[in-house]
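Q: Please take a close look at one part of this model, the second largest pocket, and describe what surrounds it along with the helix packing and the loop geometry that go with that picture.

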Amino acid sequence: MRIGAIEAGGTKIVCGLGNEQGIIEDRVSFPTEQPEKTLPQIIAYFQDKHVEAIGIGSFGPINIDPSSPEYGHVTTTPKPGWTNYPFLAKMKEAFDIPFGWDTDVNAAALGEATWGAAQGLDSCVYYTIGTGVGVGVYAEGKLVHGLVHPEGGHILTRRHPDDTYEGFCPYHGDCLEGIAAGPAIERRWKVKGSELPPDHPAWAMEAFYIGQAVAGTILLLSPKRVILGGGVMHQLQLFPLVRAEVQRNLNGYVRAEAVLAEIDTYIVPPGLGDNAGLAGSLALGLNALRARV
Ligand code: ADP
Ligand code: ZN
């Protein structure tokens, strides 16, 4: 069985091939430019690959409501050319096969539940902390869609008392994304996050924000695992800091061993590593093939 996967990010698009075991057999990547340039590149890649289905995990916001005329569109993104772009329809014009379609972070959550750090569990939450912050939600064996789709990157957190940075979110200023995504770290400390030493105070401040968000997520959704991915989480010293912040925020209230005693295996990096997004899209494609949509 050969399934196609598209991890469509705001900066780059990764296309790949894989099988029902989640093994990625091939991949290519190109920058996300205007759709008139990028779509033909995607279509050309899959043209001779004989895939049975394709899964697309896309940057957003996107329309994932099958009953909407705008189903399959990238919606209100400021990215040039992509506002209200019918991404899914353009792909379906080119290939008459089943397509899976969801947010990049929902795809990653599904990938982790299928083959990664939440394998065998019927719920997990996946955070990406990178250029932006996104949250994918898998609950009771299904990806959560709801009104639009979860937008947990834009929740509000309490400010750190020593933080004077105003935040960069164009909508909310100092929402979680505005204050904790990679660009916030760079603008606050005037140096790229990847160049800050592991013992720099930036990381305690970063964990202060992520820890609040994760504690809120645990209270709201009670996920059986929390997976933290994205470029910023390559700073592995963040994991113990975030776990401690989560425990400090919850303060013993959530009486689950996972939170109280086994938090090292509860809040974890992606089991699929940097493949989480592409493997997640593969899982979307596989589900679409099984459901024939
Ligand atoms: P994207 O979110 O665009 O898909 P990434 O998840 O790689 O891509 O996130 C990119 C962001 O993460 C940038 O803001 C970058 O500065 C930051 N970043 C990438 N690698 C690291 C690292 N090792 N340490 C800290 N920050 C990083
Ligand atoms: Zn915001």
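A: In this predicted model, helices H1 and H2 are oblique to each other, and therefore neither roughly parallel nor roughly perpendicular. Helix H1 spans residues 35–47, and its axis lies 11 Å from that of H2, the two packing at an angle of about 40°. The crossing of H1 and H2 is right-handed.

Helix H2 leads on to the pocket itself, since H2 (87–94) is one of the elements that give two or more residues to the lining of the second largest pocket. That pocket has a volume of about 390 Å³, and of the 19 residues that line it, the closest to its centre are Tyr71, Trp101, Asp102, His145 and Leu284. Besides H2, the elements that contribute two or more residues to the lining are strand S5 (99–103), strand S8 (142–143) and helix H9 (276–291). Strand S5 provides the largest share of the lining, with four residues. By residue class, the lining of the second largest pocket divides into twelve nonpolar, four polar and three charged residues.

The position of this pocket can be stated in terms of the domains. Domain 1, which is made up of 3–103 + 274–292, gives residues to the lining, and domain 2, which covers 117–269, does so too, so the second largest pocket lies between them.

The loop that precedes H2 also deserves attention for its backbone. This loop runs between strand S4 (54–58) and H2, and proline 61 has its place there. The peptide bond from glycine 60 to proline 61 is cis, with omega near 0°. Asparagine 84 is likewise placed in the loop between S4 and H2, and the phi of asparagine 84 is near 55°, a positive value in a residue other than glycine.

A second helix pair can be set beside H1 and H2. The axes of helix H6, residues 201–221, and helix H7, residues 238–250, come within 7 Å and cross at roughly 50°, an angle that makes H6 oblique to H7. The crossing of H6 and H7 is right-handed, as is the crossing of H1 and H2.

To return to the part in question, the second largest pocket lies between domain 1 and domain 2 because both give residues to its lining, and the strand with the largest share of that lining is S5.

Definitions and conventions:
Residues are numbered from 1 along each chain as its sequence is written. Chains are lettered from A and ligands numbered from 1 in the order in which they are written. This is a predicted model: local features need pLDDT of at least 70, side-chain atom pairs count only at pLDDT 80 or more; totals for chains, interfaces and linings use all residues. Side-chain values use heavy atoms; hydrogens and water are left out. On a 1 Å grid over the protein atoms alone, a cavity is a set of points where a 1.4 Å probe fits but cannot get out, and a pocket is an open set with protein on both sides within 12 Å along at least five of seven lines; lining residues have an atom within 4 Å of a point. Grid points are joined across faces, edges and corners, and a volume is the space filled by probe spheres set on the points. Ala, Val, Leu, Ile, Met, Phe, Trp, Tyr, Cys and Pro count as nonpolar, Asp, Glu, Lys and Arg as charged, and the others, Gly among them, as polar. Domain bounds come from an automatic or database domain assignment. Axes are lines fitted to C-alpha atoms, for helices over the stretch in contact, and angles run from 0 to 180 degrees between N-to-C directions. Angles under 35 degrees count as roughly parallel, over 145 as roughly antiparallel, 65 to 115 as roughly perpendicular and the rest as oblique. A crossing is left-handed if the near helix is turned anticlockwise from the far one by less than a right angle, and right-handed if clockwise.
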